[in-house]
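Student: I'd like a close look at how the helices and aromatic rings pack in this one. Could you walk me through that part, and flag any odd backbone spots along the way?

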Amino acid sequence: MIITKTNKETMKKLYFLLPFIFLACKSGTKTVNEKETASDSKTIEVTYKINETEISDFLKYLSSDELEGRETGTKGIEKAAVFLEDFLKKNKIKPYFKTYRDTLTNFKVPAFNIVGVIEGTDPELKKEFVVLSAHYDHIGLEKKQQADKINNGANDDASGVTSVAAMAKYFSETKVNKRSVLIVFFAGEEKGLLGSKSLVQKLKKQDFNLYAQLNIEMIGVPMKRDFLAYITGFDKSNMASKINEYTGKNTIGFLPKEAEYQLFYRSDNYSFFEAFGKPCQSISTFDFENFDFYHHVSDEFKLMDIPHITAFTQELLPAVTKIAISPTQEITMNK
């Protein structure tokens with residue numbers, strides 16, 4: 001996340017639908033039961049369970065010293081790119097382009113977004129896309145001499161990447177999505193949203209049919225509030241209220257600081273909003289009170305709340321599922 005203070009039917013009732021068949025996960029121990037109760041129901045039941053150990057292992061590597069802070073254009077971020085490619089391949093998520101690597105057109109040295117796609121199951125709805133994204137770059141090494149020189153970026157934004165990866169695995173294993181789901185891990189966010197700016201230009205040329213984007217930013221520690229997370233650009237669309245309808249919980253709330261710091265414009269959701277004019281927003285649990293190490297060498301794995309990240313991702317599953325299967329586009333921009 002880049003932060004600056006100045007940039008601020010009616011229809012007859014249908015019979016209850018039969019539950020989806022339980023789908024066995026790759027592990028053989030996890031199952032998914034997707035059940036949409038009635039046509040006018042807003043909630044959806046998801047019994048798939050996010051694996052806390054997998055969350056921990058994924059995040060631990062991505063924020064490890066080996067990756068040297070994942071600055072765009074460095075050997076460290078190259079290792080991260082290989083790690084993410086291997087994850088998508090292992091989970092049988094196809095590359096959106098010829099390969100998983102989407103080369104940035106606006107950066108002086110070779111740099112790549114990592115992009116995968118999970119094709120929708122509905123002949124018509126699969127032409128529409130839901131984008132789940134997070135940036136995997138960070139700010140790299142400190143130039144001044146000090147004991148710890150590595151900005152590991154565990155919260156910013158290895159935590160978001162970890163959550164998106166878990167959602168990607170969920171869709172790949174369950175295949176419940178009627179719309180296609182684009183999984184994007186951006187590079188160049190810390191350089192001025194370069195990865196997302198580059199990608200949207202290519203997608204626009206393809207007449208990419210975007211429904212909505214959920215970008216996950218800094219969700220490594222919980223907030224002490226009566227809602228789980230906040231959304232940037234709260235009043236720009238009905239995304240917050242729809243997510244809450246879909247989860248049946250007070251999942252998303254309004255954070256005044258988000259509006260004050262104009263965070264809607266500070267992450268990769270903005271590039272997509274600017275290009276497509278569709279609901280594209282970031283979800284975060286960093287509230288300026290719960291984490292003191294933004295862009296600091298102490299942003300490390302040991303400070304991350306793994307149960308929280310797991311619970312956060314779990315709570316969002318009904319929402320991302322409903323977004324990916326609803327027969328109409330229920331999330332809309334506010335006028």
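Tutor: Here is a walk through two helix pairs, then the aromatic rings, then a few backbone spots and one glutamate. Keep in mind throughout that this is a predicted model.

Let's start with the helix pairs. Two packed helices are described by the angle between their axes and the distance between the axes. For α1 and α2, the angle is about 155° and the axes are 10 Å apart. Anything over 145 degrees counts as roughly antiparallel, and α1 and α2 are therefore roughly antiparallel to each other. On the α1 side, the residues making the contact are F58, Y61 and L62; α2 brings K79, A80, F83, L84 and F87. Sort the contact of α1 with α2 by class and you get 7 nonpolar residues, no polar ones and 1 charged.

While we're at α2, have a look at G76, which sits in that helix (residues 75-90). With a relative accessible area of 2%, G76 is buried. Its C-alpha lies 7.0 Å from that of E66, and the two residues are 10 apart along the chain. If you leave aside neighbours within four places in sequence, G76 is in contact with L67 and R70.

E68 is in the loop between α1 and α2, and here is the first of your backbone spots. Most residues other than glycine have a negative phi, and most peptide bonds are trans. E68 has a positive phi, near 50°, and is not a glycine. Its relative accessible area is 40%, so E68 counts as partly exposed.

Now for the other helix pair, α4 (residues 194-205) and α7 (residues 269-276). The axes of α4 and α7 come within 9 Å and cross at roughly 30°. Under 35 degrees counts as roughly parallel, and α4 and α7 are therefore roughly parallel to each other. The crossing of α4 past α7 is right-handed. From α4, the contact uses S196, K197, L199, V200, L203 and K204, and from α7 it uses S271, F272, A275 and F276. By class, the contact of α4 with α7 has 6 nonpolar, 2 polar and 2 charged residues.

F272 and F276 take us straight to the rings, as both belong to one aromatic cluster along with Y96, F97, F129, F186 and F208. So which rings pair up elsewhere? The structure holds 22 aromatic pairs, and two of them are worth a zoom. In the Y48 and Y170 pair, the ring centres are 5.1 Å apart and the planes sit at 70°, so the pair is edge-to-face. Y48 lies in the loop between β4 (44-45) and α1 (52-62), and Y170 in helix α3 (residues 154-174), so this pair ties together parts that are 122 residues apart in sequence. Both Y48 and Y170 are buried.

The other pair to check is F286 with F288. Their ring centres are 4.9 Å apart and their planes are at 40°, so the pair is tilted. F286 is buried, at 4% relative accessible area, whereas F288 comes out as partly exposed at 25% relative accessibility.

Back to the backbone for two further spots. A cis peptide bond joins D156 and D157, with omega about -10°. D157 is in helix α3, the helix that also holds Y170. Then there's M218, in the loop between β10 (210-216) and β11 (229-231). Like E68, M218 is a residue other than glycine with a positive phi, in this case near 55°. At 0% relative accessibility, M218 counts as buried, while E68 counts as partly exposed.

Last stop is E128, in the loop between β7 (112-118) and β8 (129-135). This glutamate is buried, with a relative accessible area of 16%. Not counting residues up to four places away in sequence, E128 touches R179, S180, N209 and Q329. If you're clicking through the model, those four are the ones to display around E128.

Conventions: Residues are numbered from 1 along each chain as its sequence is written. This is a predicted model: local features need pLDDT of at least 70, side-chain atom pairs count only at pLDDT 80 or more; totals for chains, interfaces and linings use all residues. Side-chain values use heavy atoms; hydrogens and water are left out. Axes are lines fitted to C-alpha atoms, for helices over the stretch in contact, and angles run from 0 to 180 degrees between N-to-C directions. Helices (H or I, at least four residues) and strands (E, at least two) are DSSP runs, numbered from the N terminus. Angles under 35 degrees count as roughly parallel, over 145 as roughly antiparallel, 65 to 115 as roughly perpendicular and the rest as oblique. A crossing is left-handed if the near helix is turned anticlockwise from the far one by less than a right angle, and right-handed if clockwise. Contact means heavy atoms within 4.5 Å. Ala, Val, Leu, Ile, Met, Phe, Trp, Tyr, Cys and Pro count as nonpolar, Asp, Glu, Lys and Arg as charged, and the others, Gly among them, as polar. Rings of Phe, Tyr and Trp (its six-membered ring) pair if their centres lie within 6.5 Å; planes under 30 degrees apart count as stacked, over 60 as edge-to-face and the rest as tilted. Buried means under 20% relative accessible area, exposed over 50%, partly exposed in between (1.4 Å probe, protein chains only).
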